[in-house]
Amino acid sequence: MAPDDENSSTDRGEQAALDAVQAALAGRIRLGDRIGHGQTGIVCHGFSERALFGRPEGADFAIKIVRVDSKDGGRTLERARREGLLGSQVDDPHLVRIHETGVIDDPGVSAVYLLQDFVHGRTLRDFLHEQGAASAALVRHVGAQASRALAALHRLGVCHRDVKP
């Protein structure tokens, strides 16, 4: 497959996952812009179409969509399900709450979505790009917050596998 064909296939697969998740959330959440991506999926900004989870209509959410590779023996699917289950059990100000986990297993697309709180603000990467090197005090502050988040996960027996700034 030529590189352009491969990218087109990836784009079609991503679009199929987006369409399937939007259908699953229809009447509750409207998907907005893509705001992030990783090795196995993407994150979109979403907006509630009615009051949900104690929040008003129009509330912001983040939707993490993890595409499942049928060749990995279900490992990606199981990891995403576990993340959703454990994330819904954690109540800590240093972690994003996961409200719902859904599995899409339609012809042509397999994915898991996590409906999470949307965190307003800049990324640490953007902050450092704009402000330059971080002060020692800021590094200690951010490190302490990240440590508290990891400690909350560890109390549930979770070892986070993808910690990054």
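Me: Which pattern does the protein follow, read along the sequence?

Reply: The pattern is α-β-β-β-α-β-β-α-α, made of four helices and five strands. Helices (H or I, at least four residues) and strands (E, at least two) are DSSP runs, numbered from the N terminus. This is a predicted model whose local features need pLDDT of at least 70, and its residues are numbered from 1 along each chain as the sequence is written. Side-chain atom pairs count only at pLDDT 80 or more, while totals for chains, interfaces and linings use all residues; side-chain values use heavy atoms, with hydrogens and water left out.

Me: Why does H154 count as partly exposed?

Reply: Let's set the value against the rule. H154 has 46% relative accessibility. Buried means under 20% relative accessible area, exposed over 50%, and partly exposed in between (1.4 Å probe, protein chains only). The 46% falls in between, so H154 is partly exposed. You will find H154 in helix α4, residues 136–155.

Me: What makes a space a cavity, and how many of 30 Å³ or more are there?

Reply: On a 1 Å grid over the protein atoms alone, a cavity is a set of points where a 1.4 Å probe fits but cannot get out; lining residues have an atom within 4 Å of a point. Points are joined across faces, edges and corners, and the volume is the space filled by probe spheres set on them. The count comes to one cavity of 30 Å³ or more, and the largest has about 40 Å³. Its lining is E14, A17, L18, G41, I42, I65 and R67. Helix α1 (3–25), β2 (41–48) and β3 (60–67) each give two or more lining residues, with α1 giving the most, three.

Me: What makes a set of residues a nonpolar core, and which residues have the most contacts inside the largest one?

Reply: A nonpolar core is a set of buried Ala, Val, Leu, Ile, Met, Phe, Trp, Tyr and Cys residues joined through side-chain atoms within 4.5 Å. The largest has 19 residues, and those with the most contacts inside it are V21, I29, I63, I65, I104 and Y113. Helix α1 contributes the most to this core, five residues.

Me: How do you know what V21 touches?

Reply: Contact means heavy atoms within 4.5 Å. Leaving out residues up to four places away in sequence, V21 touches L31, I63, I65, I104 and Y113. Apart from this core lies another, of six residues, including V66, V68, A80 and V112.

Notes:
1 Å grid on protein atoms, 1.4 Å probe; cavity = no way out; pocket = protein on both sides within 12 Å on 5 of 7 lines; lining within 4 Å.
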